[in-house]
Every structure is written in C-alpha cells, then in structure tokens.
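Q: I'd like to learn how to read a fold like this one, feature by feature. Can we go through it together?
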Amino acid sequence: MPTVLMFGDSLSFHGPDGPHPADDPRIWPNVAAAAMGGHTELFAGFGWTARDAYWSLTGDPRVWAQLPKADVLVLAVGGMDTLPSPLPTYLRQGIRYLRPDGLRRGVRKGYSAAQPILARLTRGRPVALPPALTVRYLDLIVVAIRALRPDIPVIALLPGFHRAPSYGFVHTGREAAVRAMRQWAEDAGVSVLDSAELVGAHVLDGHGNPDGMHWGWSGHADVGKALGALVASLVEPDSH
C-alpha cells in the first residue's frame, strides 16, 4: 500500500459545496489513494502557496513523522501563488489580526469588495507569490526531503484555471508560473500533472463550486484517477 505525502491548497479538500475533512473519500487525494490501493497523508490549508507548504515541512512535526513512511511526494501547491494580490500578502493576511471585531469585519468586507476591481485595474499584478519564489520554495522542499529520502519520486501539480468573480475573472499570472514550474520540474527530475488539462473545461464551463475556483466531484474524480495512475507508474511494486 503506497503512501503519498502531499502538500496542497484548498483545491485538495474543497468540493462543490464547501470544504471537507481530509478523510472524505470524494476529494481527489483520496480518490488517488483508492485508485492505487494506497494511502494519502494530506497537509493543506486555505490559500496555501508554495511558501506555506515549505513552512509546513519545516514547522509541523506531523510531516516529519510521515517522511520515513512516504513512497511518493506530491506538491499540489503553486496555483494560489498565481492569483492577483492587489494588497501585499503580509497586509492582506494581517486583516485577521485586526481588533476590535467590528474593525476587522469592516476592513475585510471593504477589501473583498475592492479586490476584483483592483485585480482588473492592475491586470492581475502583483500575484500572491511570483513564479521565481514559487519554484524556489518548491525546490527547497524537494532538496530537503531528498536529503533524507534521495530516491523518492516527486510529482508537482501545475496551476489550473479559474473563473472567480472574487478575483475579477483575472488570471494573467498563470502562464508565467506554468512555464517556470515546468522548467524547474525538468531540471529537478520532478514529474508533472497538468490540472488545467484535466479540469480546465470543468471549471470554465461552470461545473465546479459557484466561487469559480474549486472543483465539483467529477473534477475531483478525474484528477484523483490521473494522479493514482501516475503514482502507480512511479512506485516500484516492492517499495511498499
């Protein structure tokens, strides 16, 4: 039973009706596990970028406990890095710390209203994390894990599409990120799974979550089956 160690963003656990527990069999990490007869250990969060995944690796002892058991590493982060971020990340994420509560709610409501307008005015720039930093943090994760597990196969999920009103339907940062991730993956010996090929039409045709970003169950099924097949092709039968 191969074990997959996965870092993800909300696409890995958010369905057509909202977020779901990590053990929900319908989310694509678990669809992949079922397809390969294995198990997925998912570490993920809302809005996680490659930097958040690196912080999880370096700061979460639950990740350290899984490293000796993992047969495959999956990096399902990088998509949120490509989203427009008109307000610098440290200020945007700092809204949650504002007090009193009324001020926090007012600022969050104001920013939520302004974000799609600003995203269109700035043509999607800057993004949450520039491509150079995305691949830097992905590489730091891979180098750190390969120092302990030099032969572990690694798979990276490429950024998909969105049609999110909350971002003004703007996604101009995606192509540069895809190019950077593909080049990094080739140089680092990392396999890639292109989520846009698998669920691009699903999202753009409105079959996912009404937020225009997260996937419906058919999208989860398609990505999960594709990942399961890719993992099966990379894991030696006697390695698990």
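Q: Let's start inside the sheet: which residue in strand 7 does Ile155 stand opposite?

A: Some ground rules come before the pairing: this is a predicted model, where local features need pLDDT of at least 70, side-chain atom pairs count only at pLDDT 80 or more, and totals for chains, interfaces and linings use all residues. Residues are numbered from 1 along each chain as its sequence is written, and side-chain values use heavy atoms, with hydrogens and water left out. In general, strands of a sheet pair through backbone hydrogen bonds, either parallel or antiparallel. Here Ile155 faces Ser191 in strand 7. Strand 6 (residues 154–158) and strand 7 run parallel and are joined by four bridges. Two strands pair if DSSP finds at least two bridges between them; helices (H or I, at least four residues) and strands (E, at least two) are DSSP runs, numbered from the N terminus.

Q: What is the strand order of the whole sheet?

A: It's an open sheet of five strands in the order 4-1-5-6-7, with parallel pairing. Strand 4 (39–44) and strand 7 (191–194) are the edges, each pairing on one side only. On average, neighbouring strands are turned by 20 degrees against each other, direction ignored. For such angles, axes are lines fitted to C-alpha atoms, for helices over the stretch in contact, and angles run from 0 to 180 degrees between N-to-C directions.

Q: Which strands does helix 7 touch?

A: Contact means heavy atoms within 4.5 Å. Helix 7 (residues 174–188) packs on the sheet against strand 5 (72–76), strand 6 and strand 7, and its direction makes about 165 degrees with that of strand 6. Helix 9 (residues 217–234) lies across strand 1 (3–8), strand 5, strand 6 and strand 7, at about 165 degrees to strand 7.

Q: How about empty space: what is the volume of the largest pocket?

A: Rolling a probe the size of a water molecule over the atoms shows where empty space is left. On a 1 Å grid over the protein atoms alone, a cavity is a set of points where a 1.4 Å probe fits but cannot get out, while a pocket is an open set with protein on both sides within 12 Å along at least five of seven lines; lining residues have an atom within 4 Å of a point. Points are joined across faces, edges and corners, and a volume is the space filled by probe spheres set on them. The largest pocket comes to about 860 Å³. Its lining has 28 residues, with Phe46, Gly47, Arg92, Gln115 and Tyr167 nearest the centre. Helix 5 (101–121) is among the helices that each supply at least two lining residues, and helix 5 gives the most, with four.

Q: And how many cavities of 30 Å³ or more are there?

A: Two. The largest has a volume of about 130 Å³, and Leu11, Gly160, Phe161, His162 and His171 are the closest to its centre among 17 lining residues. The second largest holds about 80 Å³; its 13 lining residues include Asp9, Leu11, Ala76, Gly79 and Leu157, which lie nearest its centre.

Q: Where is the cis peptide bond with omega near 0 degrees?

A: That bond runs from Arg99 to Pro100, and Pro100 sits in the loop between helix 4 and helix 5. Another cis bond joins Arg125 and Pro126, with omega about -5 degrees. Pro126 is in the loop between helix 5 and helix 6 (131–148). Arg123 lies in the loop between helix 5 and helix 6 too, and has a positive phi near 55 degrees.
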